[in-house]
Protein chains: 2
Amino acid sequence: MNRTILSGCLQRTLWTGLVTLAWLGAPGWLAAQSIRDPKMPDKPLVLAAQGSFFVGGQKARQTRNELGNLGPEGNITVHQMYVRFMIPKGGERNPPVVMVHGATLTGKSWETTPDGRMGWDEYFVRKGHPVYVPDQVGRGRSGFNQAVFNNVRAGLAPPASQPGFLRFSDEIVWPNFRFGARPGEPYPETKFPVSAVDELSKQGVPDLTFGGGVPMPNPTLRALAELGRELRGAILMGHSQSGSFPLEAALLDPAAARGLVLVEPGRCPGNYNDEQIRKLAAIPILAVYGDYLDTSTGMSNDHFWKLSYDSCQALIQRINAAGGRAQMLYPPERGIRGNSYMIMQDTNNLQIADLILAWIRSVVMRPAGAPRRK
Amino acid sequence: MNRTILSGCLQRTLWTGLVTLAWLGAPGWLAAQSIRDPKMPDKPLVLAAQGSFFVGGQKARQTRNELGNLGPEGNITVHQMYVRFMIPKGGERNPPVVMVHGATLTGKSWETTPDGRMGWDEYFVRKGHPVYVPDQVGRGRSGFNQAVFNNVRAGLAPPASQPGFLRFSDEIVWPNFRFGARPGEPYPETKFPVSAVDELSKQGVPDLTFGGGVPMPNPTLRALAELGRELRGAILMGHSQSGSFPLEAALLDPAAARGLVLVEPGRCPGNYNDEQIRKLAAIPILAVYGDYLDTSTGMSNDHFWKLSYDSCQALIQRINAAGGRAQMLYPPERGIRGNSYMIMQDTNNLQIADLILAWIRSVVMRPAGAPRRK
């Protein structure tokens, strides 16, 4: 499987290499490595439908200055959530999966991997599930509210009133995403495709979620609850900063969730009351963590990921004590070593997906009255 | 054709209506109209491949403050261009089409229309062409350089040094996108689906291209040239603010372009020298404008679109005088009235696409030596 995805040019690897070298000669401009990397699948993808839409949003009245001075004052929409979907032919009635990305990232997280392999979005579709991939409110194609920035620029608001943007540096990603203890020094068994780490770097976008640029509660939670309900119950999957979003969306509207997959949550909440735990006990829940949890993040919060894992184990215990069906998927316990924080992009990403799909089949889609999976 | 795209719930229109009404009861939150609107196509979409990648980008060294204060100083990537693609089974060797969106918008422009019909991205794929849809550098999933904003916030840079963001208000869109002279008063023959104009509003994202937030020359031009070359020559399509980008990308690298489609360019450049005109004369070019060109935009620049059209007619004449193959597609001349600036989303969007596809067949894909189409 070494054909590239480029139409009309399936056997021109050498030629592409020469072109890439020519571009590389220009200072500072990065090679478009991934244009030639995406692999051609063996079988076509047959979709009943694909497309995109928005969920939610609110009208905001803004001044001429807030809008950028091209026209008079007026209304715009803010806090809407962009969603792209693919529905497999023949899988229209299977449980849909909603995949929400983490901090400083967009829905791109779930698409083609940095080294050009199939992402979870397509893989879950090929396994028969409709897949919905949002960009969180405030990032990517969902946009953000620019008013305060334009007001600060014009001297109409104090600089400190504008939200801060977060980006992870290429260097901090190595320990924090658990590729290796230091940049360029991967853990011996790492499953992240570290040769393509510069392609992951391109996935980063400014994130104002932590800097006050997204209202509290985060509109993405409500949008997820609404999306899940409209889908008549979806499998809600979050990652890292959105790792607990499936829990929150299910609490907003239990009808939104047929199952919850928490991939590497920054934390599982420890402050739910008994009523909330009772609600969550009615929904199948799977937490997923990669390897190397007890390593330094390279930031001030050392052992961050071990504490994350522990917080989810504690929540799982509470939910199951209330009669729930919550589980931890920790691949090292199954002899699978080396997975990273970006587990959906790791070289064994489809192996991990198969474990989640097996859980969907055996727990989420289990016929009523069938024995529970231990 | 009234089935919705929602998996497992194809005949629940009434139910969805009730849910929508319930959500509408919450103040300020917009109904997710388009969740239930997307229509199910009659035939499945069969893809040889789909996915996404980035083109270009540059490393930027940034301070702890510029990165948002979570970790130490380090490098990130800026000015990369996100591209999503779909390649039809059996169309792998047909000319690929690259569709670039306009100001304050993202690649979403070309996807599912505001009222839930098929976008040009899928339609061109169904007609046999690989389709590549970027987000311009500085917007959507391509991200932007956040450093100056964080520096202004921290008092390390003057407020006026940060770029301004542009958004079009819902009110200015009516005359400027030529739906009607005033908000809520569509032109009698308008082809824009004005009942879904609030869904178009959700497509808006802050645009810093005009406010100094994207370097000059715009990195999107170089990224398009690189993408087109890697595709061994693509049909480059731009819209409005990017309407002239295909020309610029082709001048950067003539091997990038097998054809250029300029949809509603803000202006066609009038300052090309003879050498540039000679280069453009070697490439099939099609400019496309909708109706109501000689109306007010509602902004200071009245008759803007008539001047735009005239500038492209002038360029077409210059190119053809140099032996070129440039044409204007102006639907009113063919008895098709009422098209808007968002012609790819109009109710007759597939009729317009068919005219462009006919041009691709007869001009771009014309066998060598075959007579030219008049």
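This is a short dialogue on reading the chain contact and some backbone features of a predicted model.

Visitor: What conventions apply here?

Guide: Residues are numbered from 1 along each chain as its sequence is written, and chains are lettered from A and ligands numbered from 1 in the order in which they are written. The model is predicted, so local features need pLDDT of at least 70 and side-chain atom pairs count only at pLDDT 80 or more, while totals for chains, interfaces and linings use all residues.

Visitor: How many residues does each chain bring to the contact?

Guide: Start with the criterion. Two residues are in contact if their C-beta atoms, placed from the backbone, lie within 7 Å. Here chain A gives 91 residues and chain B gives 92 residues.

Visitor: Which element supplies the largest share of the side of chain A that touches chain B?

Guide: Elements first. Helices (H or I, at least four residues) and strands (E, at least two) are DSSP runs, numbered from the N terminus. In chain A, the elements that each supply at least two residues to that side include helix H1 (13–24), strand S1 (45–62), strand S2 (74–88) and helix H7 (219–230). The largest share, 14 residues, is from S1(A).

Visitor: How does that side divide by class?

Guide: Ala, Val, Leu, Ile, Met, Phe, Trp, Tyr, Cys and Pro count as nonpolar; Asp, Glu, Lys and Arg as charged; the others, Gly among them, as polar. The side of chain A that touches chain B has 41 nonpolar, 33 polar and 17 charged residues.

Visitor: How many bridges join S1(A) to strand S1 of chain B?

Guide: Strands pair if DSSP finds at least two bridges between them. S1(A) and strand S1 (residues 45–62) of chain B are joined by three, and they run antiparallel. Leu45(A) stands opposite Leu47(B).

Visitor: Where are the cis peptide bonds to look at?

Guide: Read omega. Met216(A) to Pro217(A) is cis, with omega near -5 degrees. Pro217(A) sits in the loop between H6 and H7 of chain A. In chain B, a cis bond joins Met216(B) and Pro217(B), with omega about -5 degrees.

Visitor: Is Thr104(A) buried or exposed?

Guide: Count neighbours. A residue is buried if 20 or more other C-beta atoms lie within 10 Å of its own, exposed if 12 or fewer, and partly exposed in between; C-beta atoms are placed from the backbone. Thr104(A) is buried because 25 other C-beta atoms lie within 10 Å. Thr104(A) is not a glycine, yet its phi is positive, about 60 degrees.

Visitor: What is the phi of Arg232(B)?

Guide: Positive, about 60 degrees, although Arg232(B) is not a glycine. Arg232(B) is partly exposed, with 19 other C-beta atoms within 10 Å.
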